[in-house]
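Thanks, everyone; I would like to walk through one structure this morning, going from single residues to helix packing and then to the metal site. Please keep the sequence and the view open while I talk.

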Amino acid sequence: MSGIARDLISLGVLHETQTVHGQGRPSILLDLHPEGAFFVGISLLEDPAPMVLSDFNGNIVARRTMPLSRDPEVIADLISEALPKLLAERKDAAQKLYGLGVALSGFVDERQASCVQSTLLGWQDVPLANIIRQKSGIDTFIENDAKAVAVSEKLFGNARDIRNFSVVSFDDGIGCAHFIGGKLYRGNHGGAGEIAHCTIEPGGSPCRCGKRGCLDTVASLKAIKEMAKAEGLSCHSMNDLETEASLGNAAAIRVLHRAGNALGLAIAHLIQFNDPGMILITHVEGRFDGLFGTVMRQSVEANVLPRYAGQTPIRTQRVDGDLWARGAASIAAHNFLIGPTPN
Ligand SMILES: [Zn+2]
(Lines give C-alpha, C1' and ligand atoms only; values in the text may rest on other atoms or scores of the structure.)
Protein backbone atom coordinates (compact mmCIF):
# COMPACT_ATOMS: atom_id res chain seq x y z
CA MET A 1 0.00 0.00 0.00
CA SER A 2 2.79 2.43 0.89
CA GLY A 3 4.37 1.71 -2.52
CA ILE A 4 1.11 2.67 -4.26
CA ALA A 5 0.84 5.76 -2.03
CA ARG A 6 4.42 6.77 -2.95
CA ASP A 7 3.60 6.43 -6.65
CA LEU A 8 0.47 8.54 -6.27
CA ILE A 9 2.37 11.18 -4.29
CA SER A 10 5.05 11.37 -6.98
CA LEU A 11 2.30 11.75 -9.59
CA GLY A 12 0.90 14.60 -7.49
CA VAL A 13 -2.45 12.85 -7.00
CA LEU A 14 -2.05 12.45 -3.22
CA HIS A 15 -0.38 14.85 -0.82
CA GLU A 16 0.67 14.58 2.82
CA THR A 17 -1.43 16.72 5.16
CA GLN A 18 -0.22 16.06 8.72
CA THR A 19 1.70 13.61 10.86
CA VAL A 20 -0.26 11.86 13.59
CA HIS A 21 1.61 10.57 16.66
CA GLY A 22 -0.13 7.69 18.37
CA GLN A 23 0.99 4.24 19.45
CA GLY A 24 3.81 2.81 17.34
CA ARG A 25 5.25 4.62 14.35
CA PRO A 26 3.87 8.07 13.60
CA SER A 27 1.48 7.96 10.65
CA ILE A 28 1.11 10.48 7.90
CA LEU A 29 -2.36 11.50 6.76
CA LEU A 30 -2.81 11.61 3.02
CA ASP A 31 -5.39 13.56 1.11
CA LEU A 32 -6.35 13.97 -2.54
CA HIS A 33 -4.53 16.84 -4.14
CA PRO A 34 -7.25 19.00 -5.74
CA GLU A 35 -5.01 19.76 -8.70
CA GLY A 36 -3.51 16.28 -8.84
CA ALA A 37 -5.97 14.97 -11.39
CA PHE A 38 -8.56 16.38 -13.75
CA PHE A 39 -11.63 14.82 -15.31
CA VAL A 40 -13.94 15.79 -18.14
CA GLY A 41 -17.70 15.45 -17.78
CA ILE A 42 -20.28 15.77 -20.55
CA SER A 43 -24.07 15.77 -20.23
CA LEU A 44 -26.07 14.42 -23.16
CA LEU A 45 -29.29 15.53 -21.46
CA GLU A 46 -29.27 19.06 -22.77
CA ASP A 47 -28.85 20.78 -26.11
CA PRO A 48 -26.26 22.28 -26.39
CA ALA A 49 -24.47 19.63 -24.31
CA PRO A 50 -22.50 21.06 -21.36
CA MET A 51 -18.89 19.94 -21.04
CA VAL A 52 -16.90 20.62 -17.88
CA LEU A 53 -13.39 20.15 -16.55
CA SER A 54 -13.40 19.09 -12.90
CA ASP A 55 -10.52 18.97 -10.44
CA PHE A 56 -10.08 16.18 -7.90
CA ASN A 57 -12.36 17.94 -5.40
CA GLY A 58 -15.26 18.11 -7.84
CA ASN A 59 -14.75 21.82 -8.49
CA ILE A 60 -15.54 22.91 -12.03
CA VAL A 61 -12.49 24.74 -13.34
CA ALA A 62 -13.52 25.19 -17.00
CA ARG A 63 -16.68 24.77 -19.04
CA ARG A 64 -17.82 24.77 -22.66
CA THR A 65 -20.79 23.50 -24.62
CA MET A 66 -21.00 21.42 -27.77
CA PRO A 67 -23.95 20.69 -30.07
CA LEU A 68 -25.98 17.62 -29.08
CA SER A 69 -26.14 14.79 -31.59
CA ARG A 70 -27.83 11.38 -31.51
CA ASP A 71 -25.13 9.85 -33.69
CA PRO A 72 -22.46 8.24 -31.44
CA GLU A 73 -19.70 8.75 -34.03
CA VAL A 74 -20.62 12.44 -34.36
CA ILE A 75 -20.67 12.81 -30.56
CA ALA A 76 -17.16 11.33 -30.37
CA ASP A 77 -15.97 13.72 -33.12
CA LEU A 78 -17.53 16.72 -31.38
CA ILE A 79 -15.90 15.75 -28.08
CA SER A 80 -12.50 15.31 -29.73
CA GLU A 81 -12.85 18.74 -31.34
CA ALA A 82 -13.96 20.53 -28.16
CA LEU A 83 -11.53 18.80 -25.79
CA PRO A 84 -8.33 20.78 -26.61
CA LYS A 85 -10.24 24.06 -26.20
CA LEU A 86 -11.59 22.96 -22.80
CA LEU A 87 -8.17 21.78 -21.61
CA ALA A 88 -6.51 25.00 -22.81
CA GLU A 89 -8.44 26.90 -20.15
CA ARG A 90 -6.48 25.23 -17.35
CA LYS A 91 -2.71 24.92 -17.27
CA ASP A 92 -1.45 21.36 -16.63
CA ALA A 93 -4.90 19.83 -17.08
CA ALA A 94 -3.96 18.01 -20.30
CA GLN A 95 -1.03 16.25 -18.56
CA LYS A 96 -3.18 15.32 -15.58
CA LEU A 97 -6.33 14.28 -17.39
CA TYR A 98 -7.25 10.83 -16.06
CA GLY A 99 -10.67 10.20 -17.53
CA LEU A 100 -13.82 11.32 -19.26
CA GLY A 101 -17.39 10.66 -18.16
CA VAL A 102 -20.68 10.99 -20.01
CA ALA A 103 -24.12 11.25 -18.35
CA LEU A 104 -27.20 10.32 -20.37
CA SER A 105 -30.83 9.43 -19.96
CA GLY A 106 -31.24 5.66 -20.22
CA PHE A 107 -29.92 2.29 -19.06
CA VAL A 108 -26.16 1.74 -18.96
CA ASP A 109 -24.40 -1.62 -18.52
CA GLU A 110 -22.49 -2.33 -15.33
CA ARG A 111 -19.11 -1.82 -17.04
CA GLN A 112 -20.24 1.76 -17.70
CA ALA A 113 -19.35 1.23 -21.35
CA SER A 114 -22.55 0.63 -23.34
CA CYS A 115 -25.88 2.37 -23.39
CA VAL A 116 -28.29 -0.58 -23.24
CA GLN A 117 -31.31 1.55 -24.06
CA SER A 118 -32.17 5.24 -24.25
CA THR A 119 -35.55 6.51 -25.36
CA LEU A 120 -34.33 10.11 -25.46
CA LEU A 121 -31.38 9.32 -27.73
CA GLY A 122 -33.15 6.49 -29.61
CA TRP A 123 -30.34 4.03 -28.76
CA GLN A 124 -30.17 0.28 -28.23
CA ASP A 125 -26.83 -1.32 -27.22
CA VAL A 126 -24.55 1.53 -28.25
CA PRO A 127 -20.91 1.01 -27.10
CA LEU A 128 -20.46 4.75 -26.61
CA ALA A 129 -17.49 4.62 -24.20
CA ASN A 130 -15.36 2.67 -26.71
CA ILE A 131 -16.30 4.93 -29.61
CA ILE A 132 -15.28 8.03 -27.62
CA ARG A 133 -12.13 6.36 -26.27
CA GLN A 134 -11.00 5.41 -29.78
CA LYS A 135 -11.35 8.96 -31.08
CA SER A 136 -10.19 10.92 -28.02
CA GLY A 137 -7.61 8.51 -26.61
CA ILE A 138 -9.00 9.09 -23.11
CA ASP A 139 -10.39 6.50 -20.69
CA THR A 140 -14.16 6.96 -20.96
CA PHE A 141 -17.08 5.82 -18.81
CA ILE A 142 -20.78 6.48 -19.30
CA GLU A 143 -23.59 6.50 -16.77
CA ASN A 144 -27.29 7.06 -16.32
CA ASP A 145 -28.07 10.63 -15.20
CA ALA A 146 -29.50 9.88 -11.75
CA LYS A 147 -26.70 7.40 -10.98
CA ALA A 148 -24.07 9.97 -12.07
CA VAL A 149 -25.59 12.56 -9.71
CA ALA A 150 -25.63 9.99 -6.89
CA VAL A 151 -21.92 9.20 -7.41
CA SER A 152 -21.13 12.92 -7.52
CA GLU A 153 -23.03 13.51 -4.26
CA LYS A 154 -21.18 10.59 -2.65
CA LEU A 155 -17.71 11.69 -3.81
CA PHE A 156 -17.97 15.46 -3.56
CA GLY A 157 -21.39 16.56 -2.34
CA ASN A 158 -23.89 16.32 0.49
CA ALA A 159 -23.77 12.53 0.81
CA ARG A 160 -20.05 12.07 1.55
CA ASP A 161 -20.74 10.69 5.01
CA ILE A 162 -23.98 8.88 4.21
CA ARG A 163 -23.76 5.16 3.37
CA ASN A 164 -27.37 4.71 2.29
CA PHE A 165 -29.20 7.32 0.25
CA SER A 166 -31.29 7.75 -2.87
CA VAL A 167 -31.38 10.38 -5.58
CA VAL A 168 -34.72 11.05 -7.26
CA SER A 169 -34.46 13.17 -10.40
CA PHE A 170 -37.66 15.03 -11.16
CA ASP A 171 -37.88 16.09 -14.78
CA ASP A 172 -40.02 15.23 -17.80
CA GLY A 173 -39.45 11.68 -16.56
CA ILE A 174 -38.57 10.53 -13.04
CA GLY A 175 -35.18 8.90 -12.48
CA CYS A 176 -33.73 7.31 -9.38
CA ALA A 177 -30.48 5.84 -8.04
CA HIS A 178 -29.48 4.24 -4.74
CA PHE A 179 -26.32 4.01 -2.71
CA ILE A 180 -26.57 1.03 -0.39
CA GLY A 181 -23.81 0.19 2.09
CA GLY A 182 -21.62 2.90 0.54
CA LYS A 183 -21.90 1.50 -3.00
CA LEU A 184 -24.00 2.36 -6.01
CA TYR A 185 -26.62 -0.38 -6.26
CA ARG A 186 -27.49 -1.51 -9.79
CA GLY A 187 -29.48 -4.71 -9.32
CA ASN A 188 -29.16 -7.71 -11.64
CA HIS A 189 -30.04 -5.92 -14.88
CA GLY A 190 -28.99 -2.36 -14.08
CA GLY A 191 -32.58 -1.34 -13.44
CA ALA A 192 -32.51 -1.01 -9.63
CA GLY A 193 -34.44 1.96 -8.38
CA GLU A 194 -36.41 2.74 -11.54
CA ILE A 195 -39.29 4.13 -9.50
CA ALA A 196 -40.75 5.85 -12.59
CA HIS A 197 -42.47 2.61 -13.55
CA CYS A 198 -43.81 1.58 -10.15
CA THR A 199 -47.55 1.17 -10.48
CA ILE A 200 -49.04 3.94 -8.39
CA GLU A 201 -52.56 3.97 -9.80
CA PRO A 202 -53.54 0.39 -10.74
CA GLY A 203 -55.42 0.43 -14.05
CA GLY A 204 -54.55 4.13 -14.53
CA SER A 205 -53.39 5.98 -17.66
CA PRO A 206 -51.26 4.09 -20.21
CA CYS A 207 -47.50 4.60 -19.83
CA ARG A 208 -44.89 4.69 -22.62
CA CYS A 209 -43.44 1.50 -21.10
CA GLY A 210 -46.59 -0.47 -21.96
CA LYS A 211 -48.03 -0.68 -18.44
CA ARG A 212 -50.71 1.46 -16.85
CA GLY A 213 -50.70 3.85 -13.90
CA CYS A 214 -46.90 4.15 -13.52
CA LEU A 215 -45.53 6.96 -11.35
CA ASP A 216 -44.32 8.64 -14.56
CA THR A 217 -47.92 8.96 -15.81
CA VAL A 218 -49.01 10.94 -12.74
CA ALA A 219 -46.06 12.72 -11.16
CA SER A 220 -43.46 13.51 -13.83
CA LEU A 221 -43.18 17.10 -15.01
CA LYS A 222 -44.52 16.03 -18.41
CA ALA A 223 -47.50 14.25 -16.82
CA ILE A 224 -48.28 17.24 -14.59
CA LYS A 225 -48.32 19.57 -17.61
CA GLU A 226 -50.55 17.14 -19.53
CA MET A 227 -52.95 16.83 -16.60
CA ALA A 228 -53.09 20.63 -16.33
CA LYS A 229 -53.87 20.88 -20.04
CA ALA A 230 -56.60 18.23 -19.74
CA GLU A 231 -58.12 20.31 -16.92
CA GLY A 232 -58.25 23.28 -19.33
CA LEU A 233 -55.50 25.19 -17.52
CA SER A 234 -53.12 27.31 -19.56
CA CYS A 235 -50.16 26.76 -17.20
CA HIS A 236 -46.80 26.28 -18.88
CA SER A 237 -44.68 25.66 -15.79
CA MET A 238 -44.86 24.39 -12.22
CA ASN A 239 -44.55 27.99 -11.17
CA ASP A 240 -47.74 28.92 -13.07
CA LEU A 241 -49.58 25.96 -11.56
CA GLU A 242 -48.44 26.78 -8.02
CA THR A 243 -49.55 30.38 -8.51
CA GLU A 244 -52.99 29.27 -9.75
CA ALA A 245 -53.30 26.86 -6.80
CA SER A 246 -52.37 29.58 -4.32
CA LEU A 247 -55.15 31.75 -5.82
CA GLY A 248 -57.64 28.98 -5.12
CA ASN A 249 -57.98 27.48 -8.61
CA ALA A 250 -59.56 24.08 -7.84
CA ALA A 251 -58.26 22.40 -11.01
CA ALA A 252 -54.66 23.45 -10.30
CA ILE A 253 -55.02 22.27 -6.69
CA ARG A 254 -56.38 18.91 -7.95
CA VAL A 255 -53.46 18.36 -10.34
CA LEU A 256 -50.79 19.26 -7.77
CA HIS A 257 -52.48 17.10 -5.12
CA ARG A 258 -52.66 14.06 -7.38
CA ALA A 259 -49.03 14.41 -8.50
CA GLY A 260 -47.63 15.27 -5.05
CA ASN A 261 -49.50 12.37 -3.49
CA ALA A 262 -48.17 9.92 -6.07
CA LEU A 263 -44.55 11.06 -5.74
CA GLY A 264 -44.82 10.96 -1.94
CA LEU A 265 -46.27 7.45 -2.06
CA ALA A 266 -43.39 6.20 -4.25
CA ILE A 267 -40.82 7.84 -1.95
CA ALA A 268 -42.54 6.34 1.10
CA HIS A 269 -42.13 2.87 -0.48
CA LEU A 270 -38.50 3.64 -1.18
CA ILE A 271 -37.97 4.60 2.47
CA GLN A 272 -39.80 1.48 3.60
CA PHE A 273 -37.71 -0.81 1.35
CA ASN A 274 -34.25 0.66 1.90
CA ASP A 275 -34.37 2.81 5.05
CA PRO A 276 -32.03 5.43 3.49
CA GLY A 277 -30.27 8.18 5.46
CA MET A 278 -31.31 10.82 2.93
CA ILE A 279 -33.45 11.33 -0.15
CA LEU A 280 -32.16 13.98 -2.54
CA ILE A 281 -34.62 15.25 -5.12
CA THR A 282 -33.04 17.07 -8.06
CA HIS A 283 -35.36 19.10 -10.23
CA VAL A 284 -35.15 21.19 -13.35
CA GLU A 285 -38.11 23.47 -12.83
CA GLY A 286 -40.17 21.79 -10.16
CA ARG A 287 -41.00 23.78 -7.08
CA PHE A 288 -41.00 22.00 -3.77
CA ASP A 289 -41.84 24.99 -1.57
CA GLY A 290 -45.48 25.13 -2.65
CA LEU A 291 -48.53 22.85 -2.60
CA PHE A 292 -46.85 20.08 -4.64
CA GLY A 293 -43.93 19.78 -2.21
CA THR A 294 -46.16 20.01 0.85
CA VAL A 295 -48.53 17.29 -0.39
CA MET A 296 -45.52 15.14 -1.39
CA ARG A 297 -44.03 15.41 2.12
CA GLN A 298 -47.40 14.74 3.76
CA SER A 299 -47.86 11.70 1.56
CA VAL A 300 -44.41 10.38 2.58
CA GLU A 301 -45.23 10.82 6.27
CA ALA A 302 -48.66 9.23 5.93
CA ASN A 303 -47.39 6.16 4.08
CA VAL A 304 -44.31 5.10 6.04
CA LEU A 305 -44.46 3.11 9.27
CA PRO A 306 -45.09 5.59 12.08
CA ARG A 307 -41.68 4.93 13.59
CA TYR A 308 -40.03 5.96 10.29
CA ALA A 309 -42.05 9.17 10.00
CA GLY A 310 -39.85 12.24 10.04
CA GLN A 311 -36.70 10.09 10.21
CA THR A 312 -35.53 10.51 6.61
CA PRO A 313 -34.33 13.95 5.54
CA ILE A 314 -35.71 14.85 2.11
CA ARG A 315 -33.58 17.49 0.43
CA THR A 316 -34.37 19.20 -2.82
CA GLN A 317 -31.85 20.72 -5.18
CA ARG A 318 -32.55 22.75 -8.26
CA VAL A 319 -30.47 21.56 -11.19
CA ASP A 320 -27.87 24.20 -12.02
CA GLY A 321 -26.15 24.19 -15.39
CA ASP A 322 -23.34 21.93 -14.16
CA LEU A 323 -25.21 19.22 -12.23
CA TRP A 324 -25.21 16.45 -14.84
CA ALA A 325 -21.86 17.32 -16.39
CA ARG A 326 -20.31 17.41 -12.90
CA GLY A 327 -21.95 14.02 -12.24
CA ALA A 328 -20.41 12.70 -15.45
CA ALA A 329 -16.94 13.94 -14.43
CA SER A 330 -17.38 12.25 -11.03
CA ILE A 331 -17.97 8.91 -12.80
CA ALA A 332 -14.52 9.24 -14.37
CA ALA A 333 -13.04 10.30 -11.00
CA HIS A 334 -14.73 7.36 -9.26
CA ASN A 335 -13.28 4.91 -11.77
CA PHE A 336 -9.82 6.41 -11.39
CA LEU A 337 -10.01 6.32 -7.61
CA ILE A 338 -11.98 3.20 -6.77
CA GLY A 339 -12.58 1.33 -10.02
CA PRO A 340 -15.86 0.68 -11.76
CA THR A 341 -19.03 0.27 -9.75
CA PRO A 342 -20.48 -3.20 -10.48
CA ASN A 343 -22.15 -4.93 -7.54
ZN1 LIG B 1 -44.26 2.84 -17.09
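Let me start with Phe156, which lies in helix H4, residues 145–156, where helices (H or I, at least four residues) and strands (E, at least two) are DSSP runs numbered from the N terminus. Before going further, I should say that this is a predicted model, in which local features need pLDDT of at least 70 and side-chain atom pairs count only at pLDDT 80 or more, while totals for chains, interfaces and linings use all residues. Residues are numbered from 1 along each chain as its sequence is written, and side-chain values use heavy atoms, with hydrogens and water left out.

Is Phe156 buried or exposed? Phe156 counts as buried because its relative accessibility is 16%, and the cut-offs here are under 20% relative accessible area for buried, over 50% for exposed and anything in between for partly exposed, with a 1.4 Å probe and protein chains only. If we set aside residues up to four places away in sequence, Phe156 touches Phe56, Asn57, Gly58, Ser330 and Ala333, contact meaning heavy atoms within 4.5 Å. Phe156 and Phe56 are 100 residues apart along the chain, and their C-alpha atoms are separated by 9.0 Å.

Leu97, in strand S6 (residues 97–104), can be described in a similar way. Leu97 has a relative accessible area of 15% and is therefore buried, and, leaving aside neighbours within four places in sequence, Leu97 is in contact with Phe38, Phe39, Val40, Leu53, Leu87 and Ile138. For one of these, Leu53, the separation from Leu97 is 44 residues in sequence and 9.2 Å in space, C-alpha to C-alpha.

Now some backbone details. Asp47 and Pro48 are joined by a cis peptide bond, with omega about 0°, and Pro48 sits in the loop between strand S3 (38–43) and strand S4 (49–54). Asp125, which is not a glycine, has a positive phi near 50°; this residue belongs to strand S9, residues 123–126, and counts as exposed because its relative accessibility is 55%. Asp275 is likewise not a glycine and has a positive phi of about 50°, but its place is in the loop between H8 and strand S14 (279–283), and at 42% relative accessibility Asp275 counts as partly exposed.

Let me turn to helix packing, where axes are lines fitted to C-alpha atoms, for helices over the stretch in contact, and angles run from 0 to 180 degrees between N-to-C directions. The axes of helix H2 (residues 72–88) and helix H3 (residues 128–136) come within 9 Å and cross at roughly 40°. H2 and H3 are therefore oblique to each other, given that angles under 35 degrees count as roughly parallel, over 145 as roughly antiparallel, 65 to 115 as roughly perpendicular and the rest as oblique. Residues making this contact include Pro72, Ala76, Ile79 and Leu83 of H2, together with Leu128, Ile131 and Ile132 of H3.

Helix H8 (residues 250–274) packs against helix H9 (residues 291–303) at an angle of about 40°, with the axes 7 Å apart, and this pair is therefore oblique as well. Helix H7 (residues 238–246) and H8 have axes that come within 7 Å and cross at roughly 120°, which makes H7 oblique to H8. In this contact, Met238, Leu241, Glu242, Glu244 and Ala245 in H7 meet Ala252, Ile253, Val255 and Leu256 in H8.

Finally, which protein atoms are the donors of the zinc ion? They are His197 (ND1), Cys207 (SG), Cys209 (SG) and Cys214 (SG), lying 2.0 to 2.3 Å from the ion, with donors taken as N, O and S atoms within 2.8 Å of the metal (3.2 Å for Na, K and Ca); water is not among the atoms, so sites may look incomplete. In sequence, the donor residues are spaced H-x9-C-x1-C-x4-C. The arrangement is tetrahedral because the 4 donor atoms subtend angles of 105 to 120° around the zinc ion, and four donors count as tetrahedral if all angles lie between 85 and 135 degrees; four count as square planar and six as octahedral if opposite donors are over 155 degrees apart and all others between 65 and 115, and anything else is irregular. Two of the donor residues can be set side by side: Cys214 counts as buried at 0% relative accessibility, whereas Cys209 is partly exposed, with a relative accessible area of 38%.
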